[in-house]
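Welcome, and thanks for taking a look at this one. Have the viewer open as you read, and let us walk through the fold together.

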Amino acid sequence: AVAEALKIVEALADELNCPICLQDDDDDTTAAGGTWKETPCGHRFHGRCVERWLHAEGSCPMCRRQVVTKPTTPDTSSVASLRSALADIFEAYGQDVVTELQQQLPL
Ligand SMILES: [Zn+2]
Ligand SMILES: [Zn+2]
């Protein structure tokens, strides 16, 4: 989902440095046609740098806005609904099944 979140932009003025690596166009990006990418919040980085960052962090390095939603990290409401579902499963199947499920769920 990282690639879809980013917009490819032209490399701008020479003085624009990538906020992640603090370099302007380095050899790699020049060789790749100077690919810069813009996040939905309008911040620009080397495509290579921001993709690596977003894979690790999921949010813009400049403003911390969430750029990529991480499906493996449920928000609090889905955790709550998982917990209530587990309560129902406990009633129906008992503790062993619940324990097994909890080991597989990100709770
Ligand atoms: Zn960079
Ligand atoms: Zn931003």
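## Confidence

In this predicted model, confidence in the protein is highest in helix 3, at a mean of 92, and lowest in helix 2 (residues 27–31), at 52. The average pLDDT over the protein is 81, and 79% of the residues score at least 70. A friendly reminder applies here: where pLDDT is low, the predicted coordinates should not be read in detail.

## Overall layout

The protein has 5 helices and 3 strands. Follow the sequence from start to end and you meet them in the pattern α-β-α-β-β-α-α-α.

How many of the residues are buried? Of the 107 residues in the protein, 15% count as buried. As for the range of the contacts, take those between residues at least 6 apart in sequence: 50% of them join residues at least 24 apart.

## The sheet and the helix packed on it

The strands form an open sheet of 3, in the order 1-2-3, with antiparallel pairing. Strand 1 (7–9) and strand 3 (44–46) stand at the edges; each has a single partner strand, so one side of each is left without a neighbour in the sheet. On average, neighbouring strands of this sheet are turned by 40° against each other, direction ignored.

Now zoom in on one pair. Strand 1 and strand 2 (residues 36–38) are joined over 3 bridges in the antiparallel sense, and K7 has E38 of strand 2 as its bridge partner. Helix 3 (residues 47–56) packs on the sheet, where it touches strand 1, strand 2 and strand 3. The direction of helix 3 makes about 100° with that of strand 3.

## The nonpolar core

Which residues make up the largest nonpolar core? There are 10 of them: L6, C18, W36, F45, C49, V50, W53, L54, C60 and V67. Helix 3 gives the most to this core, with 4 residues.

C60, one of the core residues, is a handy place to look at contacts. Setting aside neighbours within four places in sequence, C60 is in contact with T39, C41, H43, R65 and V67. Of these partners, V67 is also listed in the core.

## Helix 4 against helix 5

Next, turn to helix 4 (residues 76–93) and helix 5 (residues 95–104), whose axes come within 7 Å and cross at roughly 145°. On the helix 4 side, the contact is made by L86, I89, F90 and Y93, and on the helix 5 side by Q95, V97, V98 and L101. What is the chemical make-up of this contact? Its residues divide into 7 nonpolar, 1 polar and no charged.

D88 also lies in helix 4. Is D88 buried or exposed? With 10 C-beta neighbours inside 10 Å, D88 counts as exposed, because a residue with 12 or fewer such neighbours falls in that class. D88 and V98 are 10 residues apart in sequence, and their C-alpha atoms are 9.5 Å apart in space.

## A backbone angle to check

Most residues other than glycine have a negative phi. R64 has a positive value instead, with phi near 70°. Where does R64 sit? R64 is in the loop between helix 3 and helix 4. R64 is exposed, since 10 other C-beta atoms lie within 10 Å.

Terms used:
Residues are numbered from 1 along each chain as its sequence is written. Chains are lettered from A and ligands numbered from 1 in the order in which they are written. This is a predicted model: local features need pLDDT of at least 70, side-chain atom pairs count only at pLDDT 80 or more; totals for chains, interfaces and linings use all residues. Two strands pair if DSSP finds at least two bridges between them. Helices (H or I, at least four residues) and strands (E, at least two) are DSSP runs, numbered from the N terminus. Axes are lines fitted to C-alpha atoms, for helices over the stretch in contact, and angles run from 0 to 180 degrees between N-to-C directions. Two residues are in contact if their C-beta atoms, placed from the backbone, lie within 7 Å. A residue is buried if 20 or more other C-beta atoms lie within 10 Å of its own, exposed if 12 or fewer, and partly exposed in between; C-beta atoms are placed from the backbone. A nonpolar core is a set of buried Ala, Val, Leu, Ile, Met, Phe, Trp, Tyr and Cys residues joined through C-beta atoms within 7 Å. Ala, Val, Leu, Ile, Met, Phe, Trp, Tyr, Cys and Pro count as nonpolar, Asp, Glu, Lys and Arg as charged, and the others, Gly among them, as polar. pLDDT is the predictor's confidence in each residue, from 0 to 100.
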